[in-house]
Amino acid sequence: MRKKIFIIALIFFLPLSMGACSPFAPAPRSVAPVSLPEAFSLYPIQAVDASPWWYAFDSDELNQLLTRAFAGNLSLQQAWARLEQARALAVQAGADLYPDLNATGDTTHARQRRENGTTDTFTTRNYAIGLSTTYEIDLWGRIRAEQNAANISAEATREDWNTTVITLAANVTTTWARILSQQSQLRLLEAQLKTNEIYLELVELRYRKGIVSALDVFQQQQIVEGVKSQIPLVEAQEQLFHNQLAVLLGQAPGSRLDIKTTDLPIPEQVPAAGLPADVLANRPDVRAAGLRLEAADWQLAAARANRLPALSLTGAVGYGPADIDLMLDNWIMSLASSLTAPLLDGGRRAAEVDRTRAVIDENLAAYRETVLTAIREVEDALVSEHYQRRYLAALDRQLQAARYALVEAREQYRKGVEDYLPVLTQLLAVQNLERELITQKTQLLIDRIDLYKALGGNWTDTVVAEK
């Protein structure tokens, strides 16, 4: 009895205690994928703030919108489902490190009728139950390499989810900013319409007194109607942004969201960008690309190990139709092993090694490109904001000059020194510049959002996935 139990234990636990050698385990990659600049241009080196970046806008409304987006966004839910799939695949890849254990059962029931002067009926019942197991000893580390590749791929998928979170936060904030911009444009157009109608009343009064011609009236009417024509376009664009924001929140479009903020937030000083090397640690897409490269290394190890002989063990225990109390005395036990070595496979295994090497080359190029793209996005965002601020300062000075010119033109027109054309020209210039100023302030805010997105961050760990 003890001998039988020992054999059963041997079937299950001996393979687990055999340490698999890994002659094809990939060496760690210590060389930097590309040459990185020592620092970003335009701004000094400072430590990066790890807190969620939208707190810098100090808006409870934006905080609530992002909370709703993290809970209801469908793209984020899809990314989380892909992560769960990857984790399940990792479990499957590691399952071969342990023996399979299957329960078996069989029963037969037969009735036989015999007539020999009398009629006799015989009933025969047979049954058998037992356990069977199979196990491949991981001689060359193939199974372990496949498990490592699957686990690392699951980590890369988690980084994909982090990237989706960062992208979602940027998209929600950008859409919210565009809604505020359209609302500001609408208020400005309504104010400009009132101003233009006042000008029209003054021109009509001078026309009735015979001081000016009808041309002045028609020209001012043209400005009034021009402003009126802009209002529906702004209202339509605002509704489109509301629809876009609703979808980002996981809601049906068509209804206007309750956006109570009236003024565009003005970005303060540029946040610390750190070093270009910091981007490699803070950007989840860069981390994902690096992990996929590492997973490809392990896939190559598995493909190379698959060309070597494999040793498999099979075992079974069971008992027949004896009394169940005598179960342990009627065990039928078997233990077998098989060694398979690939001889001819039409080059399939060798081709798999070549294919995996090509996958590594592809992932290495993708990793380098991702790193360069990340550095470029940060650099572009820094440059864009720097020059956008300079442009806004020049635009503000231009607007002030246009307002002074409008006052002077209006005074000259009132005195009869000039006709209405200079007033018309300066009025159009002032109002166009006022609308342009709102547009460019919005662009400055979007540049800042792009910078936050480009910097990445580890704050995504605080976001809880909703199912």
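1. A good place to start is the largest nonpolar core, which has 35 residues; those touching the most other members are Trp53, Trp54, Phe70, Val172, Leu245, Ile259 and Trp459. Several helices feed this core: α2 (60-72), α3 (74-95), α4 (142-208), α5 (214-248) and α9 (421-455) each give at least two residues. Helix α4 makes the largest contribution, with eleven residues. Please keep in mind that this is a predicted model.

2. Ile259 deserves a look of its own. Leaving out residues up to four places away in sequence, Ile259 touches Glu61, Leu65, Trp176, Ile179, Leu180, Gln183, His242 and Leu245.

3. There is also a second, separate core, made up of 28 residues. Among its members are Tyr199, Leu427, Leu433 and Leu444.

4. You may enjoy Gln388, which sits in helix α8 (residues 348-414). Is Gln388 buried or exposed? Its relative accessible area is 10%, under the 20% cut-off, so Gln388 counts as buried. Apart from neighbours within four places in sequence, its contacts are Gln440, Gln443, Leu444 and Asp447. Of these, Leu444 is also listed in the second core.

5. Lastly, a word on confidence. The protein has a mean pLDDT of 84, with 83% of its residues at 70 or more. Residues 3-8, however, have pLDDT below 50, and this stretch has six contacts in the model beyond near neighbours in sequence. Residues 323-328 likewise stay under 50, with four contacts beyond four places in sequence. Where pLDDT is low, predicted coordinates should not be read in detail.

Terms used. Residues are numbered from 1 along each chain as its sequence is written. This is a predicted model: local features need pLDDT of at least 70, side-chain atom pairs count only at pLDDT 80 or more; totals for chains, interfaces and linings use all residues. Side-chain values use heavy atoms; hydrogens and water are left out. pLDDT is the predictor's confidence in each residue, from 0 to 100. Contact means heavy atoms within 4.5 Å. A nonpolar core is a set of buried Ala, Val, Leu, Ile, Met, Phe, Trp, Tyr and Cys residues joined through side-chain atoms within 4.5 Å. Buried means under 20% relative accessible area, exposed over 50%, partly exposed in between (1.4 Å probe, protein chains only). Helices (H or I, at least four residues) and strands (E, at least two) are DSSP runs, numbered from the N terminus.
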